[in-house]
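Dear colleague,

Please find below the structure that I am handing over to you, followed by an account of what was found in it. I would be grateful if you would read the two side by side.

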Amino acid sequence: MTKIPVILDVDTGIDDALAILLTIDQPNLQLLGIACVYGNGPIEETYRNTRSIAKVLNIKVPISKGSAYPMINKILHSREVRSLKDFGTLKIDLDAEKHVMLASAMYVKLLGETIEPVTIIATGPLTNVAHVIQNHPELLPNIKAISFMGGSLSVGNITRFAEFNAYSDPEALNIVLNSNLPLTMAGLDITRSTLITSKDILKKVKTPNPTQKIFIDLIDFYTEKNKHKENLEGIQIHDSFAVMAVSKLEMFVGEMKPITVNISKDERRGEITVTSEAPNVFVLNTVTSKSMINVTVDSIHHLEVTP
Ligand code: BDR
Ligand code: CA
């Protein structure tokens with residue numbers, strides 16, 4: 001099978017962690033590297049979370065540290081609620097940092113040496129990706145497409161108008177939207193459609209091994225938090241949609257739309273609107289929530305004990 005080479009750009013976070021797992025479980029995806037960005041927490045935390053998850057999953061590709069701040073303002077809107085920082089059972093002793101690879105260097109290396117154009121799957125603020133587009137136009141032919149989780153064509157989740165990733169760095173999203181690269185958007189309109197609980201996993205994974213247990217506990221932990229904070233019966237797996245849009249686009253119904261983002265400083269900052277210009281983004285509209293649950297359950301079912 002020919003595999004689709006991908007780079008993940010994440011702000012790990014619970015749903016990013018599941019998106020990383022889903023990526024390595026897809027037989028037609030070949031993960032080349034992971035870039036981290038601030039978002040669900042400050043960069044030190046998302047970088048650490050990513051390395052923890054990568055260690056659990058025995059991922060050997062480069063993991064790099066990217067932007068600590070959005071492109072123009074230095075205000076972070078981190079969502080501690082989805083950080084792994086205070087997650088009790090994920091106690092991983094990470095090796096002392098010998099060498100930190102910067103995300104910009106990783107992108108230059110991986111995009112520079114690739115034979116086949118690479119798809120970027122971005123599940124956090126788009127700051128790292130926008131920097132690559134802006135600073136390395138010579139690498140654009142080596143980017144096949146960008147699939148991103150972000151934006152909302154209905155109500156937002158950080159303000160009334162904006163989704164969290166879009167709001168965190170609208171200038172970066174604006175650069176991506178104007179890049180002329182093939183784009184796929186997994187916005188809240190579709191990602192809110194699916195909730196998953198550990199019960200869904202346990203129907204198939206009857207006696208979880210220790211690695212499977214880590215993910216089941218992670219889901220339980222956040223289900224409990226969500227119950228109190230957001231009144232939800234389960235967790236949303238926003239970021240997994242951006243992965244499946246690359247691996248199995250046939251799961252979705254979507255359409256090309258002309259999309260723009262509000263970069264003003266007013267209350268509509270980060271809002272996504274459909275314009276009358278030429279379509280620039282393939283927007284995912286619908287999926288059966290069962291299919292997203294099934295691929296998530298399968299990815300945990302396939303987990304073997306970490307060596
Ligand atoms: C997005 O915000 C983050 O908290 C999640 O990881 C997801 O990428 C949803 O709005
Ligand atoms: Ca995310």
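**The calcium site**

Along the chain, the donors of the calcium ion (ligand 2) follow the spacing D-x4-D-x106-T-x115-D. Please bear in mind that this is a predicted model. The residues that coordinate the calcium ion (ligand 2) are Asp 11, Asp 16, Thr 123 and Asp 239, at 2.2 to 2.6 Å. Asp 11 and Asp 239 each appear with an OD atom, Asp 16 is listed twice with OD, and Thr 123 takes part through O.

Are the donors Asp 11 and Asp 16 buried or exposed? Asp 11 has a relative accessible area of 1% and is therefore buried, since the cut-off for that class is under 20%. Asp 16 is at 0% relative accessibility, so Asp 16 counts as buried by the same cut-off.

**The chain as a whole**

The secondary structure of the protein chain consists of 11 helices and 13 strands. Its C-alpha trace spans about 55 × 40 × 40 Å along the principal axes. For 307 residues, a compact globule would have a radius of gyration near 19 Å; the protein chain has 18 Å, and therefore agrees with that expectation.

Burial and contacts add to this description. Of the 307 residues, 58% count as buried. Of the contacts between residues at least 6 apart in sequence, 82% join residues at least 24 apart.

As to the surface, the accessible area of the protein chain comes to about 13,200 Å², and carbon and sulfur atoms account for 55% of it. The protein chain carries 30 positive and 34 negative charges, and the mean positions of these two sets are 4 Å apart.

**Two helices**

Helix H6 covers residues 170–177. Why is helix H6 described as largely enclosed by the rest of the structure? The reason is that six of its eight residues are buried. In H6, the buried residues are Pro 170, Glu 171, Ala 172, Leu 173, Val 176 and Leu 177.

Helix H10 comprises residues 238–247, and Ser 247 is found in it. Ser 247 has a relative accessible area of 8%, so it is buried under the 20% cut-off. Which residues is Ser 247 in contact with, leaving aside its neighbours within four places in sequence? They are Gln 26, Asn 28 and Leu 29.

With kind regards

Methods
Residues numbered from 1 in each chain as written. Chains lettered and ligands numbered in written order. Predicted model: local features only at pLDDT ≥ 70, side-chain atom pairs only at ≥ 80, totals over all residues. Heavy atoms only, no water. Helix = DSSP H or I, 4+ residues; strand = E, 2+ residues; numbered from the N terminus. Rg over C-alpha atoms; globule rule 2.2 N^0.38 Å. Buried < 20%, exposed > 50% of the residue type's maximum accessible area, 1.4 Å probe, protein only. Contact = heavy atoms within 4.5 Å. Areas by Shrake-Rupley, 256 points an atom, 1.4 Å probe, with all protein chains shown as cover. Lys, Arg positive; Asp, Glu negative; His and termini not counted. Charge placed at Lys NZ, Arg CZ, Asp CG, Glu CD. Donors = N, O, S within 2.8 Å, 3.2 Å for Na, K, Ca; no water.
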